[in-house]
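Thanks for coming, everyone. I have one structure to walk you through today. Please take a look at it before I start.

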Amino acid sequence: MSIQQGRPQSVTPRFGRLDADLADVQSAAVRSREFLLSKQHPDGYWCGELEGDSMLEADYIYLHTQLESGDPGRLKRAFAEMMRYQNEDGSWSIYPGGPGNISLAVKCYSAAKIMGLTADDPRMVKCREWVLAHGGVVACNTFTKMYLCGLGEYDYDAVPAIPPEIVLFPKWFSSISTKFLVVTSILVPLAIIYAKKPFKKIPRAGYR
């Protein structure tokens, strides 16, 4: 409640329910606990499917294309799973029910091209229109641009340089030996890609 000109006025809670009392909170906690326990295996552990956004499938297709490896059947299944999550507007989201993400949409578009979808496929048309309406490739993050560089669709000179000599920098700046996620899973791979500049041109007649 708030007071304005002598009259109490109700205020809509900004974050969740503020009208729940302690009994409601305790009841919700008990129900949550019982639900979790109902999913426990008799041996004591929990098991469930680990899911992520469609970037996993897009990266899988990209990586095996670069390495000229991978089982064709698995690649097709990854492609089918990726396409299953395309939004009605042609984009892809990084979480269920979320807005379209420009970097993910470009990655999925490129992976779909690798897997043989033509530029005039309705799903590709919708994605391309959505991407162009939201800034195009230049609006993507660095990781997506590096992904495209490896396919000859973007220029390595147009992405930030992560030189492998970073390993020689003093520890106070950034030590490769650290266990920080940003170093082990991002800086090192980007430094290797910058040094090697992998490139594999995929022939796609008529693509945009």
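**Helix pairs, a ring pair and two cysteines**

Let's begin with a crossing: helix α2 passes helix α3 in a left-handed way. The contact draws on Glu57, Ala58, Tyr60, Ile61 and His64 from α2. From α3 come Arg74, Leu75, Ala78, Phe79, Glu81 and Met82. Sorted by class, that contact of α2 with α3 has seven nonpolar residues, one polar and three charged. As for geometry, α2 and α3 pack at an angle of about 150 degrees. Their axes are 9 Å apart. α3 covers residues 72–84.

Before I go on, a word on the source. This is a predicted model.

Now the overall layout. The protein has seven helices and two strands. What order do they come in, from the N terminus on? The run is β-β-α-α-α-α-α-α-α. There are 208 residues, and buried ones make up 30% of them. Next, contacts. Take those with a separation of 6 or more: 61% of them are between residues 24 or more positions apart.

Back to α2, and to one residue there. Histidine 64 sits in this helix. Is histidine 64 buried or exposed? Its relative accessibility is 18%, so histidine 64 counts as buried, the cut-off being under 20%. Which residues does histidine 64 touch, leaving aside neighbours within four places in sequence? They are Ser69, Gly70 and Leu75. Take leucine 75. Histidine 64 and leucine 75 are eleven residues apart in sequence. In space, C-alpha to C-alpha, the two are 8.5 Å apart.

On to the aromatic rings. How many aromatic pairs does the structure hold? One. The partners are tyrosine 62 and tyrosine 147, with ring centres 4.1 Å apart. Why is the pair called stacked? Because the planes are at 20 degrees, and under 30 degrees counts as stacked. Tyrosine 62 lies in α2, residues 55–67, and tyrosine 147 lies in helix α6, residues 142–149. So the pair ties together parts that are 85 residues apart in sequence. Both tyrosine 62 and tyrosine 147 are buried.

Now a second helix pair. Helix α4 is residues 102–114, and helix α5 is residues 122–133. They pack at an angle of about 145 degrees, with axes 10 Å apart. α4 passes α5 in a left-handed crossing. Who makes the contact? On the α4 side, Ile102, Ala105, Val106, Tyr109, Ala112 and Lys113. On the α5 side, Met124, Cys127, Arg128, Trp130 and Val131. By class, nine of the residues in this contact are nonpolar, none is polar and two are charged.

One name there leads to my last topic: Cys127, on the α5 side. How many disulfides does the structure hold? Zero. Why no bond for cysteine 127? Its closest cysteine sulfur, in cysteine 108, is 7.5 Å away, and that is too far for a bond. A disulfide needs the two sulfur atoms within 2.5 Å. Cysteine 108 has the matching story, since its closest cysteine sulfur is the one in cysteine 127, at 7.5 Å. And their surroundings? Cysteine 108 is buried, with a relative accessible area of 0%. Cysteine 127 counts as buried too, at 0% relative accessibility.

That's my tour. Questions, please.

Methods: Residues are numbered from 1 along each chain as its sequence is written. This is a predicted model: local features need pLDDT of at least 70, side-chain atom pairs count only at pLDDT 80 or more; totals for chains, interfaces and linings use all residues. Side-chain values use heavy atoms; hydrogens and water are left out. Buried means under 20% relative accessible area, exposed over 50%, partly exposed in between (1.4 Å probe, protein chains only). Axes are lines fitted to C-alpha atoms, for helices over the stretch in contact, and angles run from 0 to 180 degrees between N-to-C directions. Helices (H or I, at least four residues) and strands (E, at least two) are DSSP runs, numbered from the N terminus. A crossing is left-handed if the near helix is turned anticlockwise from the far one by less than a right angle, and right-handed if clockwise. Contact means heavy atoms within 4.5 Å. Ala, Val, Leu, Ile, Met, Phe, Trp, Tyr, Cys and Pro count as nonpolar, Asp, Glu, Lys and Arg as charged, and the others, Gly among them, as polar. Rings of Phe, Tyr and Trp (its six-membered ring) pair if their centres lie within 6.5 Å; planes under 30 degrees apart count as stacked, over 60 as edge-to-face and the rest as tilted.
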